[in-house]
Amino acid sequence: MITLNHVQKQFGGRVIFKDCSLQIGVRDRIGLIGPNGSGKTTLFRMILGEESFDHGEILIAKGVKMGYLPQEVISFRGDTVLGEVLKSVSSITTLQDKMKILEEELASIDDPKAQEKLAKEHGKLHEHYTLLGGYGLEAEAKQILNGLGFREMDFNRLTDELSGGWLMRIALSKILLQSPDLLLLDEPTNHLDLESLIWLENFLVNYPGAMVIVSHDRVFLNHLIDRIAEIEGEKIDLYHGDYDHYLEERENRREILEATFKTQQKKIEQTERFIERFRAKNTKSSQVQSRIKMLEKIERIELPKERREIRFEFPAPKRSGHRVIEVKNLHKRYEETVVYRGVDFILFRGDKVALVGPNGAGKSTLLKILAGVLDCEKGEVVLGKDVTRAYFAQHQFDLLRPENTVFEELLSIATDESQTQLRTLLGTFLFSGEEIEKKVSVLSGGEKSRLVLAKMLLKPANLLLLDEPTSHLDIASRNVLEMALKQFQGTICLITHDRHLINQIADKVIEIDQGMLNVYPGNYDDYLYKKQQAAGAEKEVKVKVKVKVKVEVEKEEKSIQKKSKFIAKEERRKRAQEMDQFRKQISGLEKRFQEAEKSLQEATQKLDYLNQRLSDPNLYLNQKETYETVQAHKQVKEQVRQLTQLWEFLALELEEMKMMNIVSNANE
């Protein structure tokens, strides 16, 4: 579908790609990784034609539709949330606008002939709209928006009211609704909470097209991708398998490369010694020249440069009291929305707690209250003995002063530290040399995260309150932060959508659900296991209740049977007629159900066939055939959805009528 051949790219004197090749097939799922600044976004922009390259070629099959989600916040103005998402399917939006204009004209004129003409035109547009799956697309758009955290009440909100994170979710929704042949997703999880991330993951697992994903979430990558393309040392190296397999394979390749390098170096040294030793001897001149030529022809192995990584360790903080922080009778609301009503909460020394819960549950609100940056309507927050707090949140990026340099920003909170100590601290966060003179205004998201963490380290605290600390950090930096948090001797309360980090750090998970705090000892996997156990126990209770109800129903039925002996003969005859009519209704419903089931089976088989066609690379050589197949796929997909709904409706109706028939028979 897309082929990169010997591509080269450089900015000024810095080489980004040197003789790089890569192929993306119609069903490939590739994780694109590399340290910040290695060229991942540049590669996307070159594929899209938004960035030029110096040498090589990028071949794209005719008719390939691509959907690109950038890291930068996208601005949408002047429309509702749902309206903006539906704009991504332009043909549908155009038809909607035309239908709306006709409807307004129909309501404003009285001439019957003119009304008839407009009605016919509206009917044609409506038929075309239905054929394109307009009504199904709107339902699909709402489903995607729900999955990404929007509520029903948000669909008609103006996009002008939304923050950057929510606008990025709209951008992602637009791309998913378009269902392009290739998804290019640059950090799609950065602005998602854990619940939305899991929904997106499940959506992409079943996605029919190809995808290339830049992500620093190793669990997300493990669940979705089957190949890793790593950008390192101006090259793109391909690894088959998921991220965990890549780590093993990368280590194996490096060991082999180092062993081969040592062998080659040893051979080169031996050859050079021979040349030096016998250069002056005429009897050895031919052998010396032969070895000189051999050295010139050797393709010398180069070891990749060692990556600079954060060397980060929280200093040992002053020991706090056993009770670190306590919230008593917490009440918090935003206008009419009640977040907490009478909640109690306590953290003990050494606790490492992860807050989880659906979007809008109040995780960040609770963390802000613990940090003392947000007040509550009622209740109190009590700090324990010798407790000092450090709070990390995305909004702290806004507190960085854009006009400052990196060094000046750290200097602004320093007290007794020398310039050498400050420079050393910045060096541990990869700010060295001229980089400490960079203005805050030009820093990337990852660089800002590192600067905020450096400021936290300058003022050590024994209670860390962290809201998405891994956002914008690459995997290597996340690993170092993870190790530092593991070794931290104080207390931690964090919010993160990085499930790997929760598993490695947390010894307690607190789920916030409808203003209630449910505590689960252990890490994220333990939390999921206990949730599944609880769901199973709840199901078991429901089964027991059903059995009890069934016994009571059977008793009642026996009682009814005894009483039925005293029913008059005329009543029995009337009842028999009613039951006969009832059975005819059941028979008719069964026939409709069987027909719907047969139609659904045929439509499903047809959809399976079309899915196979769409996965055939040869299909895309014929543009007309591709278009017809894609359109047929959309129509059949919508047909399957409608038939499934009909089948489920008839199945429920049939089951209820049969139950009524059983009860009616028991009454006779």
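**Notebook: a sheet, a helix and a helix pair**

I began with the open sheet of six strands, and I wrote down its strand order as 14-15-16-12-17-18, with pairing that is mixed. I then looked for the edges of this sheet, and I found strand 14 (389-392) and strand 18 (516-521) there, each of which pairs on one side only. I also looked up how neighbouring strands of this sheet are turned against each other, and the average is 15°, with direction ignored. I keep in mind throughout that I am reading a predicted model.

Next I went inside the sheet to one pair of strands. In which sense do strand 15 and strand 16 pair? I noted that strand 15 (residues 463-467) and strand 16 (residues 491-495) pair in the parallel sense, and that five bridges join them. To fix this pairing at a single place, I looked up leucine 464, and its bridge partner in strand 16 is isoleucine 492.

I turned to helix 14, which spans residues 419-428, and asked which of its residues are buried. My list for helix 14 reads Leu422, Leu425, Leu426, Gly427 and Thr428. When I followed where these buried residues of helix 14 pack, I came to two other helices, helix 13 (406-411) and helix 15 (445-458). Just after helix 14 I stopped at leucine 430, for which I recorded a positive phi of about 70°.

My next entry concerns a pair of helices. Two packed helices are described by the angle between their axes together with the distance between those axes, so I looked up both values. For helix 6 (residues 164-178) and helix 7 (residues 194-205), the packing angle is about 15° and the axes lie 13 Å apart. Angles under 35 degrees count as roughly parallel, and helix 6 and helix 7 are therefore roughly parallel to each other. I noted as well that helix 6 and helix 7 cross in the left-handed sense. On the side of helix 6, the contact is made by Arg169, Leu172 and Leu176, while helix 7 brings Ser196, Trp199, Leu200, Phe203 and Leu204. Sorting the residues of this contact by class, I have six nonpolar, one polar and one charged.

Last, I looked at the chain as a whole. How many helices and strands does the chain have? I entered 20 helices and 18 strands. Of the 668 residues in the chain, 42% are buried. Among the contacts in the chain with a separation of 6 or more, 70% come from residues 24 or more positions apart.

Key
Residues numbered from 1 in each chain as written. Predicted model: local features only at pLDDT ≥ 70, side-chain atom pairs only at ≥ 80, totals over all residues. Heavy atoms only, no water. Pairing = 2+ DSSP bridges. Helix = DSSP H or I, 4+ residues; strand = E, 2+ residues; numbered from the N terminus. Axes fitted to C-alpha atoms, helices over the stretch in contact; angles between N-to-C directions. Buried < 20%, exposed > 50% of the residue type's maximum accessible area, 1.4 Å probe, protein only. Contact = heavy atoms within 4.5 Å. Parallel < 35°, antiparallel > 145°, perpendicular 65-115°, else oblique. Left-handed = near helix turned anticlockwise from the far one by under 90°. Nonpolar A, V, L, I, M, F, W, Y, C, P; charged D, E, K, R; others polar.
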